[in-house]
Each structure stands twice: as structure tokens, then as C-alpha cells.
Amino acid sequence: MPPSTPPSAAPAPARPKPSPAQQALRKLGLVRDIDLALHLPLRYEDETRITPIRALRDGAVAQIEATVTACEVQLRPRRMLKVVVDDGTGTCELTFFSFYPSHQKTLAVGARLRLRGEVRGGFWGRQMLHPAFRKAEGELPQALTPVYPTVAQLPQAYLRRAVVGGLQRADLSETLPAGVAPPCFWGSNGLQRAWDLREALQFLHHPTPDVALATLEDQSHPAWQRLKAEELLAQQLSQLTAKRERDRLRAPELRPAPPQGVPGLALHEQLLAALPFTLTAAQRRVCDEIAHDMARSRPMHRLLQGDVGAGKTVVAALAAVIAIDAGWQCALMAPTEILAEQHFGKLVGWLEPLLAPRGLRVAWLAGAQKKKERAAMLALVASGEAALVVGTHAVIQEQVQFARLGLAVIDEQHRFGVAQRLALRQKLQDQRMEPHMLMMSATPIPRTLAMSYYADLDVSTIDELPPGRTPVVTKLIADSRKDEVIARIGAQVAQGRQVYWVCPLIEESEALDLSNATATHADLSEALPGVQVGLLHSRMPSAEKKAVMAQFTSGAMGVLVSTTVIEVGVDVPNASLMVIEHAERFGLSQLHQLRGRVGRGAAASACVLLYATGESGRLGETARDRLRAMAETNDGFEIARRDLEIRGPGEFLGARQSGAPLLRFADLETDKALLEWARETAPLMLDRHPALAQRHITRWLGGKSDFLKA
Ligand code: ADP
Ligand code: MG
């Protein structure tokens, strides 16, 4: 669920304490009238019709109206209330296993009741188990009865009343300017008229019984179309607003020219000359795009995407030296300490020889740092002597004061929350300035998602791997054949190769029977005598992690058993085999990232996906089908597309982390046409009808729109 901020932020003092139901409403994010109006039913119940008992069919859910002819508590085989009702066409027996004295009173002989439930049995004796019941009085409703998603403290009846109230009070006036109605759709009965929002909501909460329920379920009904169109438009409007706001901000113009009086080549030219390889065409292209952005006075907001191993780090290093050459600082933040450390090692190696003659350094900031070292680093950052600052989340902490932050690079950006990205942007002291932002990701964002969630982001793509890589061969193997896999590991290590073994969780979960990294480590150590088998997991103290990584990097350690901490970034070219246990528990993109850890050298590399076969072997088959995509392609984009299909955007983006308000109604795949419409309409509306646009954004996103801006 997206984070929600109440719109009227300042609470009046001495307000009475909210009831549990009111608190529950708040918890569901149902704060404003419009929130209630947009809280749509999960399904509907048809209480508009009474079915004669004689016409009840086995298995159907039906409503009947009948008189109680018998009501008694039975004790055998267990305590229950048995009631018989008769409507003149037949009788039906009702059974209640839990009941209160008040129930017995309502269900007393002679009472006329309206009952609703699932019918069991046929002509020879009909029954209902725990039907809903009430006195038969008042008119039958005209519309289907909505059933809303709710929580324990919030009874359905209370919520229904709240929604009706919200629907009456909410401002549902038209926000779409004349002439920009969303496209119409051909329904089963020809061209449908476009609905307005009020009509659409009225209908979706209380549809008339003649509606084809299928069109509500598959959301092809014009009322649904209108709602989805509005939602997509709100999202596009708020992204575009964010982009335009950013465009008004200023950023330092970072041009790759050495400061006055410093002789020699520009830093980026020196770096290019010192690298042991030449850039690929794709790397050169994205470097140009980035350099072009950085030279402008408006803040860059660019995503650099490229498959694992595509060589994003060197691109970041080149961007960093451009900023440094222009007299500014650069910060690089990575999500894990291991990854940050690898970057640090690499960047120190590349940059310190170039920076030292200018009296500049690369600083390191991480959570697990000694106080004294940290203080020293903070001083370097504050004085500006640290031209580049590499680290984990520690980089954005309050105590970290940059002298002149000109460029912020975030590796594996999807691993960071919005708040963290915002914090980094705010590290440039001057209030009206922002640093340039470069975000990097190995999980490419499929086009529909990019259009929808990252509409205000410019994207550069490295679509080519450095030469000399051998493709990784991927094999799916049932975990019943684990022994063979271990034997193969022995052979690989004997040839001087190194192996990763990835386990999904650290601790044994009894319920799920996941393999335990510690146990696996013990097993492999025993099965592979003479081979050094190391263990790495996220709960280890960071000094220990460091020591293990160092041994693996040096080649002394043959096998590294690890939880997914190695997922991002580690770079050990000699590692040529990766085994992933319980591969079925990972997302495809995650597997792809893991797999990218091998195949970095010239040796033929392989990735073995072990999948659980389960008791019946059935689970094993579905798992294998899903994993087959991994064996079929090495293309990160294709895998991301399939992953998105399987998991939906929420999980794909790690919604809770990113804080991106996910679409509640629209679906990026099925509603492509509406998305296109929203993309075309948003700029037009902002230019010509800014007030309507603002009203539309507020209606749909309330306080959440801020989260789109990071
Ligand atoms: P990723 O894009 O996954 O972050 P890295 O930046 O870690 O990839 O690069 C992977 C490896 O490829 C590193 O060892 C890096 O030094 C090397 N590399 C990068 N660019 C090139 C290139 N153009 N030619 C050869 N090797 C390269
Ligand atoms: Mg990387």
C-alpha cells in the first residue's frame, strides 16, 4: 500500500479519540471523502431478488424470504442450532454451529426472515449453512450490494455507510477540459459512450442488477475505463509537474575543463588513457549523454541502465572526474557495504593517481566505521579535499556536510527509498541548487513501466557488453540431483576455478524447509575435502565479511556459500560457476543479477538453478516452467519483461521501498491505450488548464504526489 499522508495535516487540538472503526478507516488510507469514494468493492452480492425455495439450485448463492416453522438446539453430534423455514414453495433447513441467544430470538418460530447463503442439496432436502439473516421488512434494494475490502475492526456495514457518505460529499466535478475525453471503447454492444467520474463511481459502488457481471470483473465496463483513465492521467500529471519543477531548479554547470593553472589533460582524458581497456561504443554514447546533461545549469536526473557486467562503474567514474575537474565533489552511494567497498577499491585504483597531484582524495563512509576514522573522513568531505566520497547509506546522514556536492551517483537505485534519494539531493547546501543525479540499475525497466513510473527520468542504456565475455550457460536441475552438482564443483575447483553457492535464507524456517546457508556450508566442506569453502551472510560482522570476500577475491577460497548478499555488484572474474539453491524462490530479475556474477572472465561459465521438486513433483514442474525463461535468454530486458508479467509492477519495483504510488486500478499491460492517452493529455492540460490539472492531481494523489518527485 502506498504511504498516505492526511491532506489536512494540522490536527485540531482536543479532538475526541477516534473509534476503532475510524482508526481502521485511517489505516486503510480512507481519510478524505474522495478516498472513500475511490474505495471500490471487491465484489457484489445480489440482494435485489428473492428466489422461491423450490427453484433453489445446489451450489448457488441465493436470497430467500420465508417463515420459521421450527427452531431447536441439538446437542449431537455437536451443539448446533437447527432451523426450518418455509416459503410456501418448499422448505429449507438452516444450520448454525455458533449462535447467541439473540440469534435464537430472531429465528423464533413464526418469524418472517430474509436469508442469504449458499444452497446445498436439491429437491429432497435443501440446506443452508450459516446463512446471513434478518427480519423480512422494507423494500428490496435496487442495486447490487457492494462488498468492500476491509480489516477486522471495520465492519462491512459501517464501511458501506462511510462510502455512501463519502460519495455524496466528495467533489466529483469534471476535471477534464472539454475535448480531451479518454478514448471510447468498443464493448460487446458497439461503441460505448464515455462516462464521467461521478457516474462511473456511482455505478461501480451500486451497479444495477442487469449489468453483465463479467464486464465489471474484467474491468472492461466504461465505468472502469473512465476510472483507470483518470488514475493514469493523475500519475502522468504529477510526474510531469515534478519534472517541470526540477527544470526550474539550478545545478552547477560541470564542464570537463581543468581548473586554471593546472597543466595537462582533463581528468577524464587521463582516466581514459590509464584504463586497461577501451570503452565500448555503448559506454561512449552514454558518457556523452551524461556529460551533456552535467554541462547544463538544470539538474540532471538520469537513469543509467545496463545489464550486469555491462560496465556501468567506469561510466560513473568518468562522470565523477568531470565533476571534479570542474571543481566540485561527487558522492557515490551503494546499497550494501560489500558493493560499496568494491566500488571504493576500484575507484581508488583508478582515480587516486590522478587526484593525488592535485591534493585531492577519495573518502570512504560506511556504518561500520571506527569513530576516529569516520571523523577524519567527515573532515575531508567538509573541507572539499575528498573529491569523491564512496559509501553506503552513511553518505546521506546528517553529519555529512559536503563542501561542494556537484554530482550524486546512486548504484542499484531501486534498492534505495525515495527519502534516501531526496536526502542526497539536499546535500548541496545552497537552497536553490541541486546536485546532478545519476542513478544506475542493472534491472532494466520495461518500457511501459518507464513511461508510467519514471516519466520524469531520462534514461541512458548500455546495450552492449564489453568484448570477450563468454555467455553463461544456464541449467535447470532438480534438487534431487544435488550430489551430481557437488561433484561438478569438485572438478571445477580442481581446474583452478571458483564457485558461488547461493542460498535463499540464513535461518532454517521450519515451515518452509529452506536450505540453511550454515548447514550447506558444513555439507559442502565435508563433501569437498581439501577445498576451502567460505561462508558469507548478512548477519555477519562486517570485518568478517570483508575477510571472507578478500580470500575469495584473492583466489585462495574455492567455494563461497552465501545468502543473497552477493547479489549486487561483486566482481571476481575467476568465478565461473554459480549454483542457486531454491531458485524458484527468487524473482527472475534477481536471478539474472546473481547469474551476472559469473562469466566476467574469459572462461566458459555456467549457472545451475536448483529447484525444489516437492512431495508430488508437481510444484517442481511449475517452478521449472517459470525458470525456463532464465535458461532461454541472457537478455536482461527480456527477463525483466517476463518478470513484470509474472509478478506485476508492485513487486517488480519493490513498491514499499520505492514509495512509488502504484496504480490501484489501471494495468500497464491491458491499459496501454489509456496510458498513451494520459501521456498525450498531461502536457496539454498543464499548459492550458493548470487549475484543473492541480485539482485532478490532488483528487487522486492527495499528499502522495511528493513521492513521485525523487
Ligand atoms: P556493471 O555494469 O554490472 O556494474 P561493472 O562496472 O562492474 O559492471 O563492470 C564489469 C567488469 O567489466 C569490470 O571488471 C570492469 O572493469 C569491466 N569493464 C568495464 N568496461 C569494460 C570495457 N569496455 N572493456 C572491458 N572490460 C570492461
Ligand atoms: Mg555494478
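# Two oblique helices, one parallel sheet

Let's start near the end of the chain: helices α22 and α23 are oblique to each other, a label for angles that are not under 35 degrees (roughly parallel), over 145 (roughly antiparallel) or 65 to 115 (roughly perpendicular). This is a predicted model, where local features need pLDDT of at least 70 and side-chain atom pairs count only at pLDDT 80 or more, while totals for chains, interfaces and linings use all residues; side-chain values use heavy atoms, leaving out hydrogens and water. Residues are numbered from 1 along each chain as its sequence is written, with chains lettered from A and ligands numbered from 1 in the order in which they are written.

**The whole chain**
- The chain has 23 helices and 23 strands, taken as DSSP runs numbered from the N terminus (helices H or I, at least four residues; strands E, at least two).
- Of its 710 residues, 50% are buried, meaning under 20% relative accessible area, where over 50% is exposed and in between is partly exposed (1.4 Å probe, protein chains only).
- Among contacts (heavy atoms within 4.5 Å) with a separation of 6 or more, 76% come from residues 24 or more positions apart.

**Helices α22 and α23**
- α22 (residues 672-688) packs against α23 (residues 690-701) at about 125 degrees, their axes 5 Å apart.
- Axes here are lines fitted to C-alpha atoms, for helices over the stretch in contact, and angles run from 0 to 180 degrees between N-to-C directions.
- Met685, Leu686, Asp687 and Arg688 of α22 meet Pro690, Leu692, Ala693 and His696 of α23.

**Helix α7**
- α7 covers residues 222-248, and its end C-alpha atoms sit 39 Å apart, in agreement with the 39 Å expected for 27 residues (1.5 Å times one less than the number of residues).
- Since 21 of those 27 residues are buried, α7 is largely enclosed by the rest of the structure.

**The six-stranded sheet**
- Six strands make an open, parallel sheet, ordered β18-β23-β22-β19-β21-β20; strands pair if DSSP finds at least two bridges between them.
- At the edges, β18 (472-478) and β20 (533-536) each pair on one side only.
- From one strand to the next, the twist averages 20 degrees.
- Parallel strands β22 (residues 575-580) and β23 (residues 605-611) are joined by four bridges, and Val579 stands opposite Val608 in β23.
- Helix α18 (residues 588-595) packs on the sheet, touching β18, β19 (498-502), β22 and β23, and makes about 150 degrees with the direction of β22.

**Cysteines**
- The disulfide count is zero, using a cut-off of sulfur atoms within 2.5 Å for a cysteine pair.
- Cys287 is buried at 12% relative accessible area, and Cys503 is buried at 0%.
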